[in-house]
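Please read the following report alongside the sequence and the coordinates. It takes up selected local features and then turns to the chain as a whole.

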Amino acid sequence: MSLCLKADALAIRTSNQPFHWSNTEWKWPMGAMATPSPAKSMGDPGITPLSPTHIQVRDTDQNAQTGASFIVVVAIDFGTTSSGYAYAFVKEPECIHTMRRWEGGDPGVSNQKTPTTILLTPDRKFHSFGYAARDFYHDLDPTESKQWLYLEKFKMKLHTTANLSIDTELHAANGKKVKALDIFAYALAFFKEQALKELSDQAGADFDNADVRWVITVPAIWKMPAKQFMREAAYKASLVCRENPEQLIIALEPEAASIYCRKLRLHQMVDLGAKTSMNGYSPTDNVGSVMTQAKEHVRRNRQSRTFLVENVIGELWSELTEGDRYVVVDCGGGTVDLTVHQIRMPEGHLKELYKASGGPYGSIGIDYEFEKLLCKIFGQDFIDQFKIKRPAAWVDLMIAFESRKRAAAPDRTNPLNINLPFSFIDYYKKFRGHSVEHALRKSNVDFVKWSSQGMLRMSPDAMNALFKPTIDHIIQHLRELFDKPEVTDIKFLFLVGGFAESPLLQRAVQDMLQGRSRIIIPHDVGLTILKGAVLFGLDPGVIKVRRSPLTYGVGVLNRFVEGKHPPEKLLVKDGTRWCTDVFDTFISADQSVALGETVKRSYTPAKPSQQVIVIHIYCSEKERVAFISDPGVRKCGTLRLDLSGTEAPAPGVRREIQTLMQFGDTEIRAMALDVSTSRSVKASIDFLSQ
């Protein structure tokens with residue numbers, strides 16, 4: 001027997017007949033509670049499942065999303081440092097088309113993604129995105145540039161903000177604040193415009209957005225609020241409308257990479273663990289030169305921006321048998337995501353074996369180390385002032401560092417020169433009263449010298465030292481992952497994402513694995529996620545089993561049992577003894593959930609005339625949770641059941657609202673049904689309004 005209360009929703013089950021409290025406000029008996037209940041303090045003593053047991057139902061329509069008729073799938077890889085889009089027509093799923101070459105992009109590169117940079121005018125209107133934003137901002141007069149709002153690497157804000165909401169703000173380069181939702185919406189609207197223009201040019205007529213299924217990639221380690229934030233930004237950008245949410249799919253980045261890697265042919269990858277040469281490259285070659293040769297190989301053989309993929313599994317997959325396991329390590333600009341998948345034959349479907357893990361160990365960590373080095377040489381006070389007073393010059397400096405960062409390699413012997421903008425040299429002399437060269441001499445940083453050409457000259461060891469903290473984090477996480485019992489006998493490790501091009505990272509992964517798994521790096525590794533996201537949009541049901549990252553549930557009341565329940569949880573009401581704050585688990589952390597699998601609960605309103613039921617959802621990283629007041633348990637969202645527009649039952653008849661929650665997809669979904677009328681009830685889960 002289980003019972004729950006809530007100020008505006010009530011659902012009760014007893015062994016004999018329903019018991020109702022019609023009054024939503026009542027007094028707690030004196031002395032009934034030794035310590036305050038967290039639910040009570042929020043006006044939420046609990047809710048009351050009519051079906052208290054954990055029921056899971058296999059949905060017969062495992063992927064209703066595939067039912068809609070779209071002509072094309074367009075995927076947007078919204079990265080921390082770079083972004084882009086690709087698309088495929090439903091009737092030609094084996095042809096993936098990448099975006100046009102961006103204005104301002106490197107010459108001769110037809111598919112390069114554009115920097116995730118955005119520029120707003122002084123009156124906060126959208127001006128430009130990517131290379132265009134970066135170049136325009138660079139060309140602004142220094143006094144004028146202070147008025148413009150330039151933002152870069154802002155995606156990480158969604159991962160690092162503890163209480164993310166639609167009102168979360170970002171800081172532009174000039175220090176001014178702007179709403180994050182506006183910035184993300186501007187960016188998505190830009191990609192929508194670019195993609196539809198390209199599709200319209202191909203079709204010779206305006207392409208209807210209703211014919212497009214949109215896919216947006218996010219890190220697998222992102223929590224639900226961040227995923228919902230991206231969806232809200234898509235609504236604001238008119239990418240899709242709220243009334244048609246299935247037109248947008250949120251794809252997890254390492255999953256997308258995994259899906260694409262299934263299609264790889266031998267000439268489309270570098271195998272760092274091969275015993276013999278592949279594609280003309282020997283495994284004994286320097287890892288950096290291997291990737292350089294691979295890039296040249298791709299450029300020489302690329303005739304267009306269209307990539308052909310196997311309509312079945314690729315050659316590499318032919319080496320896999322039922323039950324074989326592999327790891328995808330997605331090394332991006334902001335985060336590193338690790339996913340463990342198992343192959344299921346004959347269709348080549350995928351099963352997640354261990355919940356996605358990782359952290360903020362992307363390549364921008366190296367940028368932060370460079371900034372710390374500059375602070376050590378020139379002083380934190382100067383760097384802080386320079387970023388505010390000369391924001392465009394600071395961007396130029398980081399662009400110069402980025403190009404040299406990409407040249408770092410384990411066996412490099414010659415130094416790397418980084419151009420210092422003239423305004424840096426000039427402003428430092430005004431700020432300190434002495435030269436940059438003087439600062440370097442006095443800094444005791446022996447491995448960074450001054451070049452008379454106006455450059456910082458860094459030794460290879462100095463550059464490698466900037467990589468070390470970030471790479472150490474990744475390797476430590478990999479070690480911990482490979483120590484898990486679920487992560488044994490790993491056949492392949494796929495290294496993907498832009499940071500995967502780093503020879504230093506490749507060497508570190510090789511040294512860690514010591515030949516235990518073959519390391520596979522796809523050609524055009526920075527586009528792996530983008531192309532995989534297109535494939536995911538064409539077949540969202542390819543990942544058949546996922547693992548829940550967290551434990552989810554609600555607070556309920558149960559009959560108080562002496563010796564089992566803590567005395568401070570005792571609540572006496574009308575002579576009945578209840579235990580408050582009991583955690584009713586929907587799904588546990590790291591639990592396997594099949595696609596289409598649902599958790600069913602039933603609720604009833606406290607009053608017949610009630611129009612809305614709002615139920616608080618709690619979560620924890622722990623697998624087993626007893627009470628919503630346990631350490632590590634937090635309120636993470638609300639389930640809202642909108643009863644308006646449905647008929648109220650006859651007097652004396654209890655109204656039952658049956659709710660189905662789906663946890664097996666990339667987002668948590670809710671559906672509800674009025675049992676008495678068999679009519680659907682509008683159900684939604686909100687993770688942003690905390």
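## Two loop aspartates

D590 is found in the loop between β28 and β29 (592-594), and in this predicted model its phi is near 70°, a positive value in a residue other than glycine. With a relative accessibility of 12%, D590 counts as buried, because the limit for that class is under 20%.

A second aspartate with positive phi is D574, for which the angle is near 55°, again in a residue other than glycine. D574 belongs to the loop between β27 (570-573) and β28 (576-587). Its relative accessible area is 57%, so D574 is classed as exposed, the threshold being over 50%.

## Packing of helices α10 and α11

Helix α10, which covers residues 380-389, packs against helix α11, residues 391-405, with the axes 5 Å apart and at an angle of about 110°. The two helices are therefore roughly perpendicular to each other, since angles of 65 to 115 degrees fall in that class.

On the α10 side the contact is made by I383, F386, K387, I388 and K389, and on the α11 side by P391, A393 and W394. Sorted by character, the residues of this contact comprise six nonpolar and two charged ones, with no polar residue.

## Aromatic pairs

How many aromatic pairs does the structure hold? There are 30 of them, and one is formed by F126 and F190, whose ring centres lie 6.4 Å apart with the planes at 45°, so that this pair is tilted. F126 is in strand β9 (residues 126-129) and F190 in helix α5 (residues 180-203), so the pair ties together parts of the chain that are 64 residues apart in sequence. The partners are not alike in accessibility: F126 is partly exposed, with a relative accessible area of 29%, whereas F190, at 11%, is buried.

Another aromatic pair, F378 with Y428, is edge-to-face, with 5.3 Å from centre to centre and 70° between the planes. Because F378 lies in helix α9 (residues 364-378) and Y428 in helix α12 (residues 422-432), this pair ties together parts that are 50 residues apart in sequence. Both F378 and Y428 are buried, and ring pairs link them with F382, F386, F424, Y427 and F431 into a cluster. F386 of this cluster also takes part in the contact of α10 with α11 described above.

## Surroundings of F536

F536 is found in helix α16, which spans residues 528-538, and counts as buried at 1% relative accessibility. Leaving aside neighbours within four places in sequence, F536 is in contact with I249, I250, A251, I259, V542, R546 and T666. F536 and Y260 are 276 residues apart in sequence, yet their C-alpha atoms are 8.7 Å apart in space.

## Cysteines

The structure holds zero disulfides. A disulfide is a covalent bond between the sulfur atoms of two cysteines. As for the accessibility of individual cysteines, C241 is partly exposed, with a relative accessible area of 37%, while C579 counts as buried at 0%.

## The chain as a whole

The secondary structure of the chain comes to 16 helices and 35 strands, and buried residues make up 55% of its 690 residues. Among contacts in the chain with a separation of 6 or more, 72% are between residues 24 or more positions apart.

Key. Residues are numbered from 1 along each chain as its sequence is written. This is a predicted model: local features need pLDDT of at least 70, side-chain atom pairs count only at pLDDT 80 or more; totals for chains, interfaces and linings use all residues. Side-chain values use heavy atoms; hydrogens and water are left out. A disulfide is a pair of cysteine sulfur atoms within 2.5 Å. Buried means under 20% relative accessible area, exposed over 50%, partly exposed in between (1.4 Å probe, protein chains only). Axes are lines fitted to C-alpha atoms, for helices over the stretch in contact, and angles run from 0 to 180 degrees between N-to-C directions. Helices (H or I, at least four residues) and strands (E, at least two) are DSSP runs, numbered from the N terminus. Angles under 35 degrees count as roughly parallel, over 145 as roughly antiparallel, 65 to 115 as roughly perpendicular and the rest as oblique. Contact means heavy atoms within 4.5 Å. Ala, Val, Leu, Ile, Met, Phe, Trp, Tyr, Cys and Pro count as nonpolar, Asp, Glu, Lys and Arg as charged, and the others, Gly among them, as polar. Rings of Phe, Tyr and Trp (its six-membered ring) pair if their centres lie within 6.5 Å; planes under 30 degrees apart count as stacked, over 60 as edge-to-face and the rest as tilted.
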